[in-house]
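Here are my notes for a colleague opening this entry for the first time. Please keep the structure in view while reading.

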Amino acid sequence: METFQPTVGVESTFPSDMPADHAGLPVWNAENWFYEDWPVGQKIRSLRRTIGESDSHLFNTLVTDIHPYVQDEMFARREGVFGRRLVAGAFVFSAGLGLVATNCVNAFSYGYDRLRFIKPVFIGDTIYTIRTNMEKTPRTADLGLIRASYEIFKGEGELVLYCEHLQTVRYKNPGAVAATEK
C-alpha cells in the first residue's frame, strides 16, 4: 500500500476498539487544498460520533420525517422488523459525511453516486467514516473533478453506508494541468 503524506490530521487517537488499519489513519479536519494537491489512494478516518435520541429527533423534525420506524417507539418495538427505532438513513448519510467534511474553499459538491444503506443504525450507535480518494480528472479550464468513497461504520467496524462523492475543485495552476493532459 502506497503511503501518503497527510495534509492534515497527522495525529491519530488510535482507538483500540476498531480495526487497526482504520485506527491508524489520519483524522480529517479542515484544509485549503487544490486539485493538484489531492492524492489518489489516500485514506482518512474521522473521529467517532454517538447518535443520541435528541440528534435523531431533531433531524426528523427538521425534514418532517415522521415514519414510525424513526419516530414511534411503541410501533418499532411491537411491530417493527428490528424491534427498536432506527436512525433515519438520510441522517446517517448527513452525519457520516459531516464527520469528514472540510472547510476547503476550493472544492464544491457536484453530486453523489452509489449511495447504499447497508445495515441499520439505531439510537445510541456510534459511527465513524473513512474517506478514500478514488480518482481525479480534469473537467473544465478552471476546475477538475474528484471522486472519493465514503464508508460509514458503526461500533467496532460494521459497514452501514457507502457512497461516492463527486466534487469540482479549483486548479492551483490551470495552465499546468491543461499541459499535462495533452
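1. Start with Arg48. Arg48 forms a salt bridge with Asp17, and their closest N and O atoms are 2.6 Å apart. Note that this is a predicted model. The pair ties together distant parts of the chain, with the two positions 31 residues apart. Arg48 sits in the loop between strand 1 (43–45) and strand 2 (49–50). Asp17 belongs to the segment before helix 1 (20–23). Are the partners buried or exposed? Neither label fits: Arg48 has 38% relative accessibility, so it counts as partly exposed. Asp17, at 33%, is partly exposed too.

2. Next, look at Glu73 and Arg85. They form a salt bridge, with the closest N and O atoms 2.9 Å apart. Glu73 is in helix 4 (residues 73–78), while Arg85 is in the loop between helix 4 and helix 5. The two are 12 residues apart, and the pair again links distant parts of the chain. Glu73 is partly exposed, at 31% relative accessibility. Arg85 has 11%, which is under the 20% limit, so this residue counts as buried.

3. A third pair joins two strands. The side chains of Arg114 and Glu164 meet in a salt bridge of 2.9 Å, N to O. Arg114 is in strand 3 (residues 107–117) and Glu164 in strand 6, 50 residues apart. Arg114 is partly exposed, with 47% relative accessibility. Glu164 is buried, with a relative accessible area of 5%.

4. Do not treat that third pair in isolation. Which residues belong to the network that includes Arg114 and Glu164? Asp113, Arg114, Glu135, Arg147 and Glu164 are joined into one network by salt bridges that share partners. The whole structure holds 12 salt bridges.

5. Now the interior. The largest nonpolar core has 33 residues. Trp33, Phe91, Val92, Val121, Ile152 and Leu161 touch the most other members. Four elements give two or more residues to this core: helix 3 (68–71), helix 5 (89–98), strand 5 (143–154) and strand 6 (158–170). Helix 5 gives the most, with five residues. As background, nonpolar side chains tend to be buried together in soluble globular proteins.

6. Val121 deserves a click. Leaving out residues up to four places away in sequence, Val121 touches Ile51, Leu86, Val87, Val92, Ile127, Lys154 and Val160. One of these contacts, Val92, is also among the core members that touch the most others. A second, separate core has six residues, including Met18, Ala23, Leu25 and Ile130.

7. Some nonpolar side chains lie on the outside. Leu58, Leu62 and Val63 form a nonpolar patch on the surface. Together they have about 310 Å² of accessible area. Leu62 lies in helix 2 (residues 53–63). At 66% relative accessibility, Leu62 is over the 50% limit and therefore counts as exposed.

8. Last, check the confidence. The protein averages a pLDDT of 88, and 86% of the residues score at least 70. Which element has the lowest mean pLDDT, and which the highest? Helix 6 (residues 174–180) has the lowest, at 76, and strand 2 the highest, at 98. Where pLDDT is low, predicted coordinates should not be read in detail.

Technical notes:
Residues numbered from 1 in each chain as written. Predicted model: local features only at pLDDT ≥ 70, side-chain atom pairs only at ≥ 80, totals over all residues. Heavy atoms only, no water. Core = buried A, V, L, I, M, F, W, Y, C linked by side-chain atoms within 4.5 Å. Buried < 20%, exposed > 50% of the residue type's maximum accessible area, 1.4 Å probe, protein only. Contact = heavy atoms within 4.5 Å. Salt bridge = Lys/Arg side-chain N within 4 Å of Asp/Glu carboxyl O. Patch = residues over 30% accessible without salt bridge, like charges linked within 9 Å, V, L, I, M, F, W, Y side chains within 5 Å. Areas by Shrake-Rupley, 256 points an atom, 1.4 Å probe, with all protein chains shown as cover. pLDDT = per-residue confidence, 0-100.
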